[in-house]
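Got a minute to walk through a model together? Have the sequence and the 3D view open, and we'll go through it by question and answer.

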Amino acid sequence: MATLIRALELPDTRQAKRRDWSAGIPAFTAIRRLGIAGMTGAAILTCMIVMAVAVPLVSPYGIAETRSAERLREPEFAHPFGTDRLGRDQFTRAAAAGRTSLTATILALALSLTIGVGLGLLAGYAGGAIDMVVMRLADVIMALPTLVLGIVVAALFGPALLTVVIATVSFWWAGYARVTRTLVRQVRNEPFVEASRAIGATPWRIATREVLPHIWGPIIVMAALDVGSLLMTLSGLSFLGLGAQPPTPEWGLMLADGRAYFLDAPFLMFFPGLMIFLCVLGVNLLGTALRQRITRSV
Amino acid sequence: MLRYAITRLAIALAVLLGAVTASFILIHAAPSDPVAIMFGAVRGGSQVGATGAQRDALRHELGLDRSWPEQYFSWVARTAQGDLGTSFRSRRPVATEMGNRIPATLSLGLTALVVQAILGLGLGALASRHPGGFIDHVTSAIAMILVSVPAYWLGLILLWTFAVGLNWVDVTGPPDPSRIVLPALTLGLVMTPPVMRVFRTSLIEQQSRAHVTVARSKGLAEGVILFRHIARPAILPAITLLGISLGEVLGGAVIVESIFSWPGLGKYLLDSILARDYPVVQGYMLFTTFTVVIGTLIVDLLHGYLDPRLRTP
């Protein structure tokens with residue numbers, strides 16, 4: 001993270017000429033330097049997160065509360081996203097689904113990064129047989145279409161949200177492992193690593209204190225650009241009925257449920273999909289802006 | 001070249017063996033008993049009449065009472081001969097059942113590739129004319145939107161717009177070939193951005209090359225320069241990308257076929273998953289791996305043939 005902030009704070013001569021309203025506040029400077037696209041992405045994401053956290057708390061409707069008198073209502077002021085066949089308020093459910101989808105995505109990303117970066121460090125630093133095994137495994141996994149793998153793993157272990165997360169992690173780590181390994185091999189013989197080794201630092205200390213802080217930036221950027229497709233994959237598996245099960249609010253599942261009312265209530269499938277789209281768009285805009293900052297400044 | 005080809009072939013075989021092994025482990029690690037499923041599937045959900053002896057007989061027939069190494073080697077040997085096992089539901093060979101559905105998926109995939117090629121190359125070429133200009137910004141915004149839109153949502157929106165909103169497409173009538181348009185458009189649209197970006201970058205790169213300056217100084221017509229000297233070398237990386245989208249087509253087909261009820265491999269996979277017809281799931285995974293590995297191998301060999309610098313595996 002430190003590398004990331006540092007990269008964002010490097011002076012940008014083009015913008016420094018203007019009056020710096022955010023001078024002295026690093027977080028503001030970092031945000032402003034993301035550019036219009038990056039700021040839009042950050043704004044969309046903030047809105048989605050605020051909505052996911054706040055709406056279920058203040059909404060007059062419960063997440064699973066059914067009202068038989070208010071079934072299949074068109075979007076109106078009382079129900080901005082309409083209601084489904086059980087009279088559940090779709091706005092509240094869409095917000096709550098944001099919690100499900102975002103938590104699942106963050107969990108999957110954290111697990112993939114831990115496994116991928118861990119194995120990448122091991123393979124890159126240890127070399128030899130470990131390197132061979134880990135990298136060939138990653139090669140096999142990366143040769144396959146990700147969605148098909150996710151479907152197969154999720155199908156074999158029974159439909160559940162956690163299954164889908166594990167299924168996705170089981171192949172998502174490979175990309176991080178490969179990148180980490182390449183980066184580690186670039187720095188493993190640098191003087192500062194040699195010096196650390198010379199004073200007798202343990203391999204664990206060298207990996208976590210010397211190598212990892214040095215290579216963190218590109219990995220974070222790669223992860224930031226991946227979050228969107230990770231969210232789409234997870235929701236897609238739920239859409240296919242392999243992930244979250246009713247009555248859990250989840251965007252992909254809500255979209256799949258809405259398909260049954262394709263003609264009479266198209267809003268049921270429109271809004272959950274819109275939420276996925278906006279979330280992914282926000283993440284991708286932010287990720288692209290981060291990549292541009294880092295590649296320009298490194 | 002021969003040395004390179006042999007190395008690439010060996011790697012491809014190793015990846016295939018890895019996938020065959022992975023599918024064996026997956027099936028055996030899954031917390032489900034194939035014999036119980038098979039009796040369930042055959043007898044319509046109830047397990048009446050499935051005595052212990054019948055179960056044991058079936059277990060023996062499937063070879064499940066043999067040791068793991070034995071099962072593994074017979075699995076590898078059978079797969080190598082193209083035998084992907086027997087479907088629990090239809091009791092017919094998985095390979096035959098999948099073969100019947102390949103044409104539907106293939107026609108969908110190829111049409112999607114055409115959409116992807118036209119849009120990707122077209123928009124990429126437009127964007128490259130004035131890098132940083134208005135059109136470049138518009139096309140990169142389009143790419144950003146297409147990258148972020150989930151295929152399952154885009155497909156439903158297209159279907160609603162053209163079938164309900166505009167009433168151009170009849171989704172209730174008898175099947176006819178024009179039905180391929182919407183699914184292919186959905187699949188093609190979501191796969192467009194990478195091709196567009198690669199073609200744009202490679203066109204911009206070619207524009208500043210020495211041979212283009214030479215062509216300009218010779219006073220050649222702009223159209224000739226554009227097509228013969230810039231686009232021809234620039235199209236190679238984009239074509240490669242189109243070639244390796246094969247795997248993505250197969251993955252995306254699962255979702256698109258399910259939305260549009262397209263009777264291809266993807267829908268077959270989903271139906272089989274719901275019926276817990278595991279040999280089909282396994283067979284599909286192997287088929288996909290095989291297709292992708294062969295596709296990558298062809299692209300790699302072609303590249304090695306065209307550009308000797310790339311002959312380092």
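What follows is a set of questions about the two chains, a cavity and a few single residues.

This is a predicted model, where local features need pLDDT of at least 70 and side-chain atom pairs count only at pLDDT 80 or more, while totals for chains, interfaces and linings use all residues. Residues are numbered from 1 along each chain as its sequence is written, chains are lettered from A and ligands numbered from 1 in the order in which they are written, and side-chain values use heavy atoms, with hydrogens and water left out.

Q: How many helices and strands does chain A have?
A: Helices and strands here are DSSP runs (H or I, at least four residues, for helices; E, at least two, for strands), numbered from the N terminus. Along the sequence, chain A reads α-α-α-α-α-α-α-α-α-α-α-α. The tally for chain A is 12 helices and 0 strands.

Q: How many helices does chain B have?
A: From the N terminus on, chain B runs α-α-α-α-α-α-α-α-α-α-α-α-α. There are 0 strands in chain B, and the helix count is 13.

Q: What percentage of the residues in chain B is buried?
A: Buried means under 20% relative accessible area, exposed over 50%, and partly exposed in between (1.4 Å probe, protein chains only). In chain A, 52% of the 298 residues count as buried. For chain B, with its 313 residues, the figure is 43%.

Q: What area does chain B expose?
A: Accessible areas come from the Shrake-Rupley method with a 1.4 Å probe, and for residues only the protein chains shown count as cover. Chain A exposes about 13,700 Å², with carbon and sulfur atoms supplying 67% of it. In chain B carbon and sulfur supply 68% of an exposed area of about 15,700 Å².

Q: Which helix gives the most to the lining of the largest cavity?
A: A cavity is a set of points on a 1 Å grid over the protein atoms alone where a 1.4 Å probe fits but cannot get out, and lining residues have an atom within 4 Å of a point. Helix 7 (146–156) of chain A, plus helix 1 (2–29) and helix 13 (278–306) of chain B, each supply at least two lining residues. With 4 residues, the top contributor is helix 13 of chain B.

Q: What is the volume of the largest cavity?
A: Grid points are joined across faces, edges and corners, and a volume is the space filled by probe spheres set on the points. The structure holds 1 cavity of 30 Å³ or more. The volume of the largest cavity is about 40 Å³.

Q: How many residues in the lining of the largest cavity are charged?
A: The lining includes A:Val152 and A:Leu156 from chain A, along with B:Tyr278 and B:Met285 from chain B. Ala, Val, Leu, Ile, Met, Phe, Trp, Tyr, Cys and Pro count as nonpolar, Asp, Glu, Lys and Arg as charged, and the others, Gly among them, as polar. By that scheme there are 7 nonpolar and 2 polar lining residues, and the charged count is none.

Q: Why is helix 12 of chain B largely enclosed by the rest of the structure?
A: The buried residues of helix 12 include B:Tyr268, B:Leu269 and B:Leu270. Helix 12 spans residues 265–274 and is largely enclosed because its buried residues number 7 of the 10.

Q: Which residue just after helix 12 of chain B takes a positive phi?
A: Before that helix, in the loop between helix 11 (246–260) and helix 12, sits B:Ser261. Its phi is near 50°, a positive value in a residue other than glycine. Just after helix 12, a positive phi of about 55° belongs to B:Arg276.

Q: Which residues does A:Leu183 touch, leaving out those up to four places away in sequence?
A: A:Leu183 lies in helix 8 (residues 161–187) of chain A, and it is buried, with a relative accessible area of 14%. Contact means heavy atoms within 4.5 Å. The residues touched by A:Leu183 are A:Ile215, A:Pro218 and A:Ile219.

Q: Which peptide bond involving A:Pro247 is cis?
A: A:Pro247 is placed in the loop between helix 10 (203–239) and helix 11 (251–258) of chain A. With omega near 5°, the cis bond is the one from A:Pro246 to A:Pro247.

Definitions and conventions:
On a 1 Å grid over the protein atoms alone, a cavity is a set of points where a 1.4 Å probe fits but cannot get out, and a pocket is an open set with protein on both sides within 12 Å along at least five of seven lines; lining residues have an atom within 4 Å of a point.
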